[in-house]
Number of protein chains: 2
Amino acid sequence: MKYKLLLENFRKNVQLNEDEETLFESLVEERKVRRKHILLQEGQHNHHLYFVISGCLRAYSIDKNGFHHILQFAPADWWITDMYSYVTGEPSSLNIDALEETTFLSITKENQELAYREIPKLERHFRILMEKNLVTNRKRIIDRLSLTAMERFKTFCHTYPDLINKIPQKQVASYIGITPEFLSKVRSEYLKSL
Amino acid sequence: MKYKLLLENFRKNVQLNEDEETLFESLVEERKVRRKHILLQEGQHNHHLYFVISGCLRAYSIDKNGFHHILQFAPADWWITDMYSYVTGEPSSLNIDALEETTFLSITKENQELAYREIPKLERHFRILMEKNLVTNRKRIIDRLSLTAMERFKTFCHTYPDLINKIPQKQVASYIGITPEFLSKVRSEYLKSL
DNA sequence: CGAAAATTTGACATGACTCAACTGGAGTGG
DNA sequence: CCACTCCAGTTGAGTCATGTCAAATTTTCG
């Protein structure tokens, strides 16, 4: 299996033997996208799970006023998809695109189901991934309910120190749920206070 | 197995045979709590997963100003826990209590792990549960980012029609992330507009 | 290098919060 | 079964956090 990062990802929760690794490798497709290239567009059907090898993907929705709201960043070693569309088969309400040139693995739902049948312990791996993902999302809901914009900004800096220097402020604003203008003000207040 | 509702819950995703049902039954404990009784308190360690048979539980956090923020309601047929504490073993940051007299099943993490070992297909069931839970939480994040208070209130009424007539308005406010006073105003606007 | 995008800044607008007063219904004890 | 208390809910006045819009400036990258 040539995808070391994917193996490491699996190894956090389960041990695969060589045949199983080879099987899984045969089920994924390696792809590459350029910066700003859209991988999944709102309204399309989504049958894929993506695993980032290098670069960074992001999932966002666009509201009725045209504002973007970022739901997730996926740097290397992260899984990403529109889970709603993936689970239900309904058209996607999210967009997924690349913040920079990104290499990733793509696996269809059919192949993923096949993998579950052939390698049942994968269920365990993905169950645990989903649990952790759930924890992250719940934390984010609580933060939005109980923290001010500046506190959320500080939390973001603390939680994603790598992203801060990599992505435009505008995207951070969209993630923590404020306007870019207001983030600019909040940030300058914050810098003054240091 | 005497817990029909639990069986139905499993059957949505997997088929257990009679031995497996009996095994699982032996791992859970049936409990009952009164209205307002606290099941899990912030700061305690949480090693349990709960499944509601009748009544309604709720999970909430309390912020530094003493305000409550409701993360989840769990009516009959729902699973609930502080997933963060459950997964990491850290003390809980959430409280779980009963909105009304509630009967539920409680299973320890040790027993749940044992169940996964003895009945591997349960991994599948809980993977799927977690995926759906994730979808719900993501939807809630998006709603909070893109909708006004009134829109969120309407969404709540639409999503949880049963709860609306069962729980005090104050709790709805805490769930959608506004003050009870403001919900009162929003609600009267909404009723006028019908 | 030049165009396009991101960021900053300021004046002004507004959605949501705070606080306080009032009302009404639910639970409790005598 | 009444009186009492205690929350939940309502309403209004004033305030605050954040949004809107527009203009100027800086950065990015094609």
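Select B:R127 first: of the residues of chain B, B:R127 comes closest to the rotation axis, with its C-alpha at 2.0 Å. The model is predicted, and the axis relates its chains A and B: a rotation of 180° with 0.0 Å of shift along the axis superposes chain B on chain A, at an RMSD of 0.0 Å. That is the relation of a two-fold axis.

**The contact between chains A and B**

Next, select the residues of chain B that touch chain A. There are 28 of them, in contact with 28 residues of chain A. Colour chain B by element, and β5 (68–75), α3 (83–88) and α5 (121–146) each turn out to supply at least two residues of this side. Which of these elements gives the largest share? It is α5(B), with 18 residues. Recolour the side of chain B that touches chain A by class, and it shows 13 nonpolar, six polar and nine charged residues. Of the interface residues of chain B, 100% are also interface residues in chain A, so the copies meet through the same surface.

**The two domains of chain A**

Hide chain B and split chain A by its domain assignment: domain 1 covers 4–146 and domain 2 covers 148–194. Place a marker at the C-alpha centre of each domain of chain A; the two centres lie 25 Å apart. The contact between the domains takes nine residues from domain 1 of chain A and nine residues from domain 2 of chain A.

Stay on the side of domain 1 of chain A that touches domain 2 of chain A. The elements giving two or more residues here are β5 (68–75) and α5 (121–146) of chain A. Of the contributions to this side, that of β5(A) is the most, with five residues. By class, the side of domain 1 of chain A that touches domain 2 of chain A divides into five nonpolar, two polar and two charged residues.

**The surface near DNA strand D**

Bring chain B back and show DNA strand D. Select the 16 residues around the strand; those that come nearest are A:I178, A:F182, B:Q169, B:K170 and B:S184. Two or more residues each come from α9 (180–192) of chain A and from α8 (169–176) and α9 (180–192) of chain B. Which element provides the largest share of the surface near DNA strand D? Select α9(B), which provides six residues. Finally, colour the surface near DNA strand D by class: five residues are nonpolar, five polar and six charged.

Methods:
Residues numbered from 1 in each chain as written. Chains lettered and ligands numbered in written order. Predicted model: local features only at pLDDT ≥ 70, side-chain atom pairs only at ≥ 80, totals over all residues. Near = placed C-beta within 6 Å. Helix = DSSP H or I, 4+ residues; strand = E, 2+ residues; numbered from the N terminus. Nonpolar A, V, L, I, M, F, W, Y, C, P; charged D, E, K, R; others polar. Contact = placed C-beta atoms within 7 Å. Least-squares fit on C-alpha atoms with pLDDT ≥ 70 in both. Domains from an automatic or database assignment.
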